[in-house]
Amino acid sequence: MSERPSIRFSNLQAPSEGVLVLLAGEGGSAGASLPPHLKEVVERAAAKAKFKGKSLATLEILAPAGSELDRIVVIGTKSDKPQGDEDWLKLGGTVAAKTKGAPTVTVLAEGPEGSLGGAEAAAVASGILLRSYSFDRYKSKKKNGEAEEEQAEVAQSFTLGVADPAAGETAFALHSAVADGVVLARDLVNEPANVLGPVEFAERIAELSKHGVDVEILEEPKLRELKMLALLGVAQGSPRPPRLVVMRWDGGGDDEAPVAFVGKGVVFDTGGVSIKPAAGMEDMKGDMGGAAAVVGLMRALAGRKAKVNAIGIVGLVENAVDGNAQRPGDIVTAMSGTTIEVLNTDAEGRLVLADALWYCQDRFKPKFMVNLATLTGAIIVALGNNYAGLFSNSDELAERLSASGLATGEKVWRMPLGPEYDKQIEGKFADIKNIGNGRSAGSITAAQFLQRFVNDVPWAHLDVAGTAMGSPANEYNQSWASGFGVRLLDRLVADHYEKR
Ligand code: BES
Ligand code: MN
Ligand code: ZN
């Protein structure tokens, strides 16, 4: 994809050339390391432009007098609330956006109150990385005919000046691993389904072994032996065979139960015989966004050598339609023994997850399971594209996820579960059916379905249909695929499940 810019940390010293970025409050009041003559230039420009230093507001000064700099970009940091992790990402994203085309960029990462700490500066650097991502692999002619500003690429070389550069480097090593995970998830989701089938997806996951992740790929005969007939029923309408991939990162020592993450990996969802309408169907190449997040998360945990034992499991299938495809009314027996009436072949994600979740708890006895899935259109009706739906049988896990969501900006909103909803999936000819009644509470009945395959283990389901793809662009994401879930779950692990 777009090239990853180089980032380094140095002392707080203004450069003599390239583009200089300053953080400033009201009236262009920047930090102490700005040379006096530039300070004057900035303050004069700020006064003329009535620059108020509002958070993320910018002021550009071209060819500043008395220096060889190309330009100075002043970014406002004045805010009523304390700055959190996501604010530093947004700041970094703004740095990348406003310095396009620059040969080199130097950020003096200090405000009137002094230098940013290592962790904060590293978060800014992470924002630069995430903003610089674009999925341009299939553009044979780069960006012709676009406006001048759009044409320029994100700069390739950034230096962040801070009081303690070593602290910046150390913190950035961790952030950089997480950013790699986000970029991997975005790449997988953006990739079209003709290129990324279940087999190819599994091959991409196998590459994680070079980062220390143990990868086990289960092929069709094995899935049949395990009696994963719910998953196999979905896959049977496609000539491309399914895969179940198990990833393990052992960073937490021998006798620690693992944490587990399970992802829906439908590489393309036509709906099957209950076929989807044509309009917008192309978006269903992203119906593996849950699986992509799990893979990105494992990459992040391994990359930063997290002190945790973590399992990632993804069910990879194509929901296609041919003469052998599953029909409405078919009854399948899941690995758990539960029988399922498939009344709508487009409610396929829950069928895949039924077997993946059961297998996960059965084999690994995890501390908890979190699954991610682009499961229902109904969650987009309920929450739009800014919050993922959260369903859980554990208040503690739900609260931790909500807090991680606020910290990272990957927000989740808890939705209810309950016996009233569970009733809606009682089957007529089998134990349960794969849809509820009519259009009511579609996301909840889907979650109830998943819960039927979860025993006592603390569990949470994240419905990311609205957030994994097509969510609004922001300062640190311009891509259709956001990589949603990687930073959220990395944070959950870091804050609560790692050995000190
Ligand atoms: N993959 C879709 C859900 C989806 C819709 C994801 C839009 C992203 C954007 C899922 O498999 C699906 O088709 N769900 C059905 C369920 C229904 C048949 C009960 C839906 O939401 O319409
Ligand atoms: Mn579907
Ligand atoms: Zn689907």
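**Close-up views of a two-metal site and a small sheet**

**View 1. Spacing of the manganese donors along the chain.** In this predicted model, the donors of the manganese ion (ligand 2) are arranged along the chain with the spacing D-x76-D-x1-E. Asp269 belongs to strand 11 (residues 259–269), whereas Asp346 sits in the loop between strand 14 and helix 10 (349–364), so the pair ties together parts that are 77 residues apart in sequence.

**View 2. Donor atoms around the manganese ion (ligand 2).** The protein supplies Asp269 (OD), Asp346 (O), Asp346 (OD) and Glu348 (OE) as donors, which lie 2.0 to 2.2 Å from the manganese ion (ligand 2). The site has six donor atoms, and because the angles among them run from 71 to 168°, its geometry is classed as irregular.

**View 3. Asp269 between two metal ions.** The zinc ion (ligand 3) lies 3.2 Å from the manganese ion (ligand 2), and Asp269 coordinates both. Asp269 is buried, its relative accessible area being 2%, while Asp346, with a relative accessibility of 21%, counts as partly exposed.

**View 4. The open sheet of strands 13, 14 and 18.** Three strands make up this open sheet, in the order 13-14-18 and with mixed pairing. Strand 13 (330–333) and strand 18 (432–433) each have a single partner strand and stand at the edges, so one side of each is left without a neighbour in the sheet. Between strand 13 and strand 14 (residues 339–342) the pairing is antiparallel and extends over four bridges, and Thr333 has Thr339 in strand 14 as its bridge partner.

Conventions. Residues numbered from 1 in each chain as written. Chains lettered and ligands numbered in written order. Predicted model: local features only at pLDDT ≥ 70, side-chain atom pairs only at ≥ 80, totals over all residues. Heavy atoms only, no water. Pairing = 2+ DSSP bridges. Donors = N, O, S within 2.8 Å, 3.2 Å for Na, K, Ca; no water. Tetrahedral: all angles 85-135°; square planar, octahedral: opposite > 155°, others 65-115°. Buried < 20%, exposed > 50% of the residue type's maximum accessible area, 1.4 Å probe, protein only.
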